[in-house]
Amino acid sequence: MVRRARKPREPRARVTYEESDVVREVAHRLVRVYPAHFGWINSFAIGYVMVHGSRRREGEIDVAAKFRKVPPVYHGITGYDAVVEVHEWAWTELAAEQQEALIAHELCHGEMTEKGTLRVVKHDLAEFRWVVANYGAWQPEVRAFEEQLALFDRKRRPKGSDQPPVLPA
């Protein structure tokens, strides 16, 4: 049996994490503008980090940013309750309003419980309703979802009518 020589792997780029004042400023602006929605942030220490050197994964869903609750062992070292990580490749591709929508999306992953602790929240759908209501279809996946909803609306609408769709009871 003859073995084929393996194709040499491309060395991975070194991934580094750096606190980001730019991301922090966007988050603080969201807290000032939308205190009813993001006021909980003032009760916690949130770190904002830019991830340098990461690459897009071809053929897979790219994660542009991530909201992470900090485990207790690292909370003691960092002082943070949670961290928002943003990949530099994604940040640089987005316009200012899309950057704000991205941070709003990540902050929607957190909330304060009735007991005053930090909780991580899952998506309403593929995006948080609040982000779509305030920023519209800011990313391709949301635009595709919006197009699908429009098709659904047309199917349920009475023929020749501009009235809202008729939904089954």
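Select helix 3, residues 72–78, and find Tyr74 there. You are looking at a predicted model. Is Tyr74 buried or exposed? Its relative accessible area is 47%. Tyr74 counts as partly exposed because that value lies between the 20% and 50% cut-offs.

Now add Val73 and Ile77 to your selection. Together with Tyr74, they form a nonpolar patch on the surface. The three residues have about 350 Å² of accessible area together.

Next, go to the aromatic rings. The whole structure holds two aromatic pairs. One of them joins Trp40 and Phe67. Show both side chains. Their ring centres are 6.3 Å apart, and the planes make an angle of 75 degrees. That arrangement is edge-to-face.

Where in the chain do these partners sit? Trp40 is in the loop between helix 2 (35–38) and strand 2 (46–52). Phe67 is in strand 3, residues 65–69. The two are 27 residues apart, so the pair links distant parts of the chain. Both Trp40 and Phe67 are buried. Add Phe44 to the view: Trp40, Phe44 and Phe67 form one aromatic cluster.

Finally, zoom out and colour by secondary structure. Count seven helices and six strands. From the N terminus, follow them in the order β-α-α-β-β-α-β-α-α-β-β-α-α. The chain has 169 residues, and 33% of them are buried. Switch on the surface: the chain exposes about 12,400 Å², with 52% supplied by carbon and sulfur atoms. Last, think about contacts with a separation of 6 or more. Residues 24 or more positions apart account for 61% of these.

Terms used: Residues numbered from 1 in each chain as written. Predicted model: local features only at pLDDT ≥ 70, side-chain atom pairs only at ≥ 80, totals over all residues. Heavy atoms only, no water. Helix = DSSP H or I, 4+ residues; strand = E, 2+ residues; numbered from the N terminus. Buried < 20%, exposed > 50% of the residue type's maximum accessible area, 1.4 Å probe, protein only. Contact = heavy atoms within 4.5 Å. Areas by Shrake-Rupley, 256 points an atom, 1.4 Å probe, with all protein chains shown as cover. Patch = residues over 30% accessible without salt bridge, like charges linked within 9 Å, V, L, I, M, F, W, Y side chains within 5 Å. Salt bridge = Lys/Arg side-chain N within 4 Å of Asp/Glu carboxyl O. Phe/Tyr/Trp six-rings, centres within 6.5 Å; stacked < 30°, edge-to-face > 60°.
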